[in-house]
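Biologist: I'd like to learn how to read a model like this one. Could you take me through it feature by feature?

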Amino acid sequence: LIANKAKRLNAILNQLMKISQSWAFRKGFDSELARDLRHEAILLNHESYIQNIPAYAKLAQEEKCTEKPGIINIKQKLMLPDSIFKSYRQEWLDERDYGCMNQWLSGLHHKPVNMDVRNIKSIDDWITNLKRTGVGVSYSSGTSGCFSFVPRSVEDLDRARTANTCYITPLLAYNTTGTPLMRLLMPMAMGMLSPRKFARLTRQAGIRDFDGAFLGFREGAMGNQRLMEEMAPLFRRSYVLNDTRLDATSLRCSRRGAQNEEDQRLVDVFQADVAGKKGQNYAKMLENINRSTLEGQKVFIFGAPYQFKELCEAATVRNIGHCLKRGSLILFGGGWKSFSGEIMDRQSLVGLLSTIFDTPSDRILEGYSMTEISMLTLRCEAGRFHIPPIIEPVVLDESLSPLEGRDLDGTFGFLDPLAASYPGFLISGDHVRMLDEECACGLVGPALMNIRRAASADVKGCGGVMGSLQA
Amino acid sequence: MDKICQKLDLLHNCENVIRVPFLVKGRIIAPPEMTKREIEAAFTFEKSEHPGYVKLPGAQILREPMIDRRTMKHSGKYIYQVMPTVLAQDLVEPDTTKLADELYGLSVEAILDYLNTVSRKLMENAGLAKSVLETSRLATELPGSFFDGWATSMATALDRGQAKQMIDAELSLWGKPGSEFLDGWVEVLSKIVPPTTYGVTYPADHPSQSKSLIRAMPTRQLHITAGNEPEVPAVSLLRAILTKSAAVIKLPSGATLAGSMLGIAMATLPDHPITQNISLVYWCGGDDSIENPLFEFGAFDRIVLWGGHDAVADVRARAPYTSIVSFNPRYGVSLIGREAFHEGLEETARRAAADSMIYNQKSCTASLVHYIEASEEQTELYSEALRKVLEEWDHRIPQFLSPHTRGQIKMMKRGKYANASWHVNEREGEFTSGVVVMEGGFDILDHPMCRLVTVRRVDNLGDTLRYLHQGVSTVGVYPESRRLALRDAILARGVSNVFPLGQCERKFAGMPHDGIPVLSHLVDWKNS
């Protein structure tokens with residue numbers, strides 16, 4: 001029975017990925033079918049969560065919602081705040097008690113986490129070793145330095161990668177990156193290939209006429225960082241701002257204060273690497289970008305708004321042109337507010353980037369996502385973040401009751417059918433306006449606008465983290 | 001007062017619209033005439049960054065959702081307060097010579113007489129006061145009886161003896177009562193240190209030149225008050241009056257009615273220098289057109305700020321040269337020794353609950369966290385006893401929980417604190433009060449301050465010292481022997497008050513507030 005359900009879930013998700021492709025390429029879209037499939041997948045996940053994920057089972061029991069609750073009940077009673085991923089005791093990390101961390105993580109994962117922790121000395125060790133046992137942990141941090149850890153199975157990670165590739169490729173090909181030939185072949189590829197094959201082929205083909213410039217680290221498990229590592233192989237060549245590992249322990253200590261001399265040493269080394277070499281690193285990044293351009297390559301630059309601002313400042317100081325080859329792309333994401341409270345203004349940043357890199361504003365993209373969700377959304381030219389039909393968005397009022405309607409304002413939540421190994425019915429800390437109508441860009445369905453942190457929520461996101469490192 | 005209100009149609013609830021006047025330097029400024037239709041239209045068509053507030057030419061309107069006291073939920077209706085607009089230049093007093101000649105020259109006896117008269121006017125117009133309180137109660141989130149407490153507290157504050165004690169205690173210097181310094185120059189028996197700059201001194205050529213004189217000189221004060229306790233604006237007003245100050249009191253949105261009523265009471269003495277130099281007004285916080293001129297150098301000598309760190313930092317940045325007296329958000333905690341388990345757990349829980357319930361946990365002294373010296377099992381026992389006491393409070397004085405607070409509690413229970421042990425009271429499936437036992441650290445900023453007590457177990461009460469800091473205003477300790485033993489160590493951590501458990505609402509005239517004798521910071525100490 002379990003195998004049958006898993007098989008059915010897989011089939012539904014594949015179908016939803018196909019629907020998302022078609023939706024993204026504006027090739028017709030059956031919203032009712034998408035909704036029915038989504039709901040079926042959500043209910044299958046609910047059953048699986050009840051059986052396998054203790055934190056969810058506990059809530060369902062408290063809310064007396066263990067048996068076939070219906071989507072509306074799930075939205076009303078069974079959505080967990082994203083803070084569930086930081087419901088561990090900070091002392092465990094302070095005292096390096098990864099046994100307790102395992103136990104805690106088991107409450108949020110579909111399988112018990114009982115990896116040997118005897119030789120685990122740091123958060124990064126813990127994450128690396130979990131990965132070896134099939135648990136991929138991503139983390140994000142807020143102002144407080146209290147990390148959220150999201151445990152995904154290898155299958156979930158793979159499915160999320162496939163789902164994103166499947167829909168972002170046609171989305172961008174439609175009017176951003178696609179050549180006429182690509183646009184011609186795209187419907188054929190979408191029709192003939194399974195999502196898995198489509199994603200594999202896309203990754204294999206890559207975008208070799210692009211070089212990737214990532215305003216991040218060589219490796220690490222934080223949100224944007226994961227995305228960079230996913231994207232890097234697609235390019236002919238890629239380079240990073242900080243040629244070092246984004247060390248979680250150092251990052252945490254830099255927010256919460258070092259507990260001992262060893263921690264302080266780590267923070268000092270890390271800060272020296274990041275803040276101390278900042279000017280040097282940006283100069284190197286600009287040299288790399290220029291080199292790519294001279295070699296006739298288009299450049300794809302990805303980072304947080306705060307970092308782009310610094311890149312622009314570095315470029316201004318150097319006082320030399322950095323014209324990117326026509327067709328190059330800039331993508332930013334990770335929050336507009338730094339931990340120090342500085343709010344970036346989108347319009348001025350786009351203006352600055354456009355001037356310095358001689359790139360038209362329609363080639364400057366913005367992404368919205370979070371560690372807890374499987375999908376990345378991109379801002380369209382009309383200023384909306386369209387939610388692919390795989391995800392069921394929910395807007396909640398102040399008392400956390402789901403709102404109904406086509407123009408809603410409230411806290412953003414979502415039911416993520418791709419999350420099979422951890423609870424994917426989540427309430428974010430973001431306040432949004434959600435419109436459900438046909439957009440000027442041609443996409444239909446729900447789209448987010450005016451995204452900001454909810455009043456009481458921690459300033460969070462990769463943008464903030466980067467800002468804090470440079471403070 | 002009744003006459004003023006009737007003549008100008010003020011403070012009267014007509015179809016849930018109330019016209020609220022301001023006192024601006026002795027003059028009652030009434031709002032413009034507006035129909036309910038116009039008011040409702042303003043909220044439909046005017047754009048405002050602040051929900052519940054609209055500024056129109058000549059008028060400001062506050063819209064508050066009404067609370068059905070039977071269900072303790074929003075009724076779906078609104079109450080509207082129509083107020084006049086204010087201009088910064090009408091509030092600032094540039095003529096300090098006039099102040100020195102008139103207001104600053106008043107005697108303490110004259111201040112006390114003034115208070116007496118205002119107090120009498122309020123009593124003579126008890127009907128108006130009652131109606132204002134009833135109207136305020138339509139939208140206040142505080143339970144009615146807590147709101148009534150404000151009226152009693154106000155009467156005490158205006159009492160002549162209490163007021164005199166405040167002045168004498170808080171402005172006391174050199175062993176002399178404060179009223180002497182406020183009344184004029186006081187000679188102090190000092191030994192004058194010889195000058196060191198050139199080693200030259202000029203002999204006194206008049207007897208008055210050889211005296212050392214000190215005086216508490218009034219100041220021009222801007223009070224930006226908060227609404228967590230309804231008495232805050234009244235306390236600020238009282239402090240301004242007692243220091244003979246030319247003051248502007250910015251009322252919080254939840255206390256505009258009561259503030260306005262005080263203004264009308266003062267306006268019954270229109271020619272009195274105190275009335276002529278006090279303004280009781282409202283504007284929406286962050287309105288640069290008003291705040292920038294008020295924060296300008298020289299506009300005021302003191303800014304008294306009740307608010308969060310962000311607000312304080314903002315005002316400091318905008319008024320860098322004005323002296324700021326700030327009352328930051330603080331909270332109380334309770335320390336309960338293991339003796340409680342032998343000497344009556346229920347009684348201890350009752351005392352601790354009383355400290356948590358100060359202004360329904362909204363007061364800066366209300367206890368949010370109870371540290372208990374106990375085993376895990378005993379901690380659960382105590383938490384259950386406390387839950388039962390809170391349940392009694394719920395029955396006796398039901399509270400209103402805003403949708404936001406309800407959401408906040410759900411967030412806590414389902415999210416970051418999902419693994420804590422929750423002891424919750426509910427009504428129709430909704431939280432009414434509760435206790436949450438936290439094993440690990442607890443972020444106080446997550447606390448919703450609505451009859452939710454965080455309980456933390458400790459092996460030894462002394463272990464709690466590491467959790468105490470300047471953000472903690474008040475600690476209630478049980479039993480007395482432990483209070484006396486821990487008192488200095490607790491206070492050395494930055495805490496202001498250490499009281500016996502159950503007595504943390506303690507107040508008396510002349511009591512230091514947040515570690516300072518406030519009146520002393522509101523005057524300028526002058527030498528001659």
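Biologist: How much area do chain A and chain B bury between them?

Modeller: The size of an interface is often given as the accessible area lost when the parts come together. Here, chain A and chain B bury about 1,600 Å² between them, with 51% of it on carbon and sulfur atoms. Buried area is the accessible area (1.4 Å probe) that two parts lose on being put together, summed over both. A:Glu398, A:Ser399 and A:Leu400 supply 30% of the area that chain A buries against chain B, more than any other three residues.

Biologist: Before we go on, what should I know about the numbering and the model?

Modeller: Residues are numbered from 1 along each chain as its sequence is written, and chains are lettered from A and ligands numbered from 1 in the order in which they are written. This is a predicted model, where local features need pLDDT of at least 70, side-chain atom pairs count only at pLDDT 80 or more, and totals for chains, interfaces and linings use all residues, while side-chain values use heavy atoms and leave out hydrogens and water.

Biologist: How many residues of each chain are in contact at the interface?

Modeller: Contact means heavy atoms within 4.5 Å. By that rule 23 residues of chain A are in contact with 14 residues of chain B.

Biologist: Which polar pairings cross the interface of chain A and chain B?

Modeller: Side chains of opposite charge can pair when their charged atoms come close. A salt bridge is a side-chain nitrogen of Lys or Arg within 4 Å of a carboxyl oxygen of Asp or Glu, and the rule finds one across this interface. A:Arg89 and B:Glu439 meet in a salt bridge through their side chains (2.9 Å, N to O). For polar contacts, the count between the two chains is eight residue pairs, both residues at pLDDT 80 or more. A polar contact is a pair of N or O atoms within 3.5 Å; within protein, one must be able to donate a hydrogen and the other to accept it, and residues adjacent in sequence count only if both atoms are side-chain atoms.

Biologist: How many salt bridges are there over all chains?

Modeller: The count comes to 66. One of them joins the side chains of A:Arg8 and A:Glu40 (2.7 Å, N to O). This pair links distant parts of the chain, with A:Arg8 in helix 1 and A:Glu40 in helix 2 (residues 31-52) of chain A, 32 residues apart. Helices (H or I, at least four residues) and strands (E, at least two) are DSSP runs, numbered from the N terminus.

Biologist: Are A:Arg8 and A:Glu40 buried or exposed?

Modeller: Buried means under 20% relative accessible area, exposed over 50%, partly exposed in between (1.4 Å probe, protein chains only). A:Arg8 is partly exposed at 33%, and A:Glu40 is partly exposed at 30%. For another case, take the salt bridge between the side chains of A:Glu437 and A:Arg384 (2.9 Å, N to O). There, A:Glu437 counts as partly exposed because its relative accessibility is 36%, whereas A:Arg384 counts as buried because its value is 13%.

Biologist: Which residues touch the most other members of the largest nonpolar core?

Modeller: In soluble globular proteins, nonpolar side chains tend to be buried together. A nonpolar core is a set of buried Ala, Val, Leu, Ile, Met, Phe, Trp, Tyr and Cys residues joined through side-chain atoms within 4.5 Å. The largest one has 107 residues, and A:Tyr88, A:Met101, A:Leu105, A:Trp126, A:Tyr139, A:Phe149 and A:Phe300 touch the most other members. Helix 1 (residues 2-24) of chain A gives the most to this core, with eight residues. Leaving aside neighbours within four places in sequence, A:Leu105 has contacts including A:Val113, A:Trp126 and A:Phe149.

Biologist: What covers the buried residues of helix 6 of chain A?

Modeller: The cover includes helix 3, helix 5 (90-94), helix 7 (123-132), strand 2 (135-140) and strand 3 (148-153) of chain A. Among the buried residues of helix 6 (residues 98-106) are A:Met101, A:Leu105 and A:Ser106.

Biologist: Why does A:Ser106 count as buried?

Modeller: A:Ser106 is buried because its relative accessible area is 16%. Not counting residues up to four places away in sequence, A:Ser106 touches A:Pro54, A:Pro112 and A:Val113. A polar atom of the A:Ser106 side chain lies 2.8 Å from the backbone nitrogen of A:Val113.
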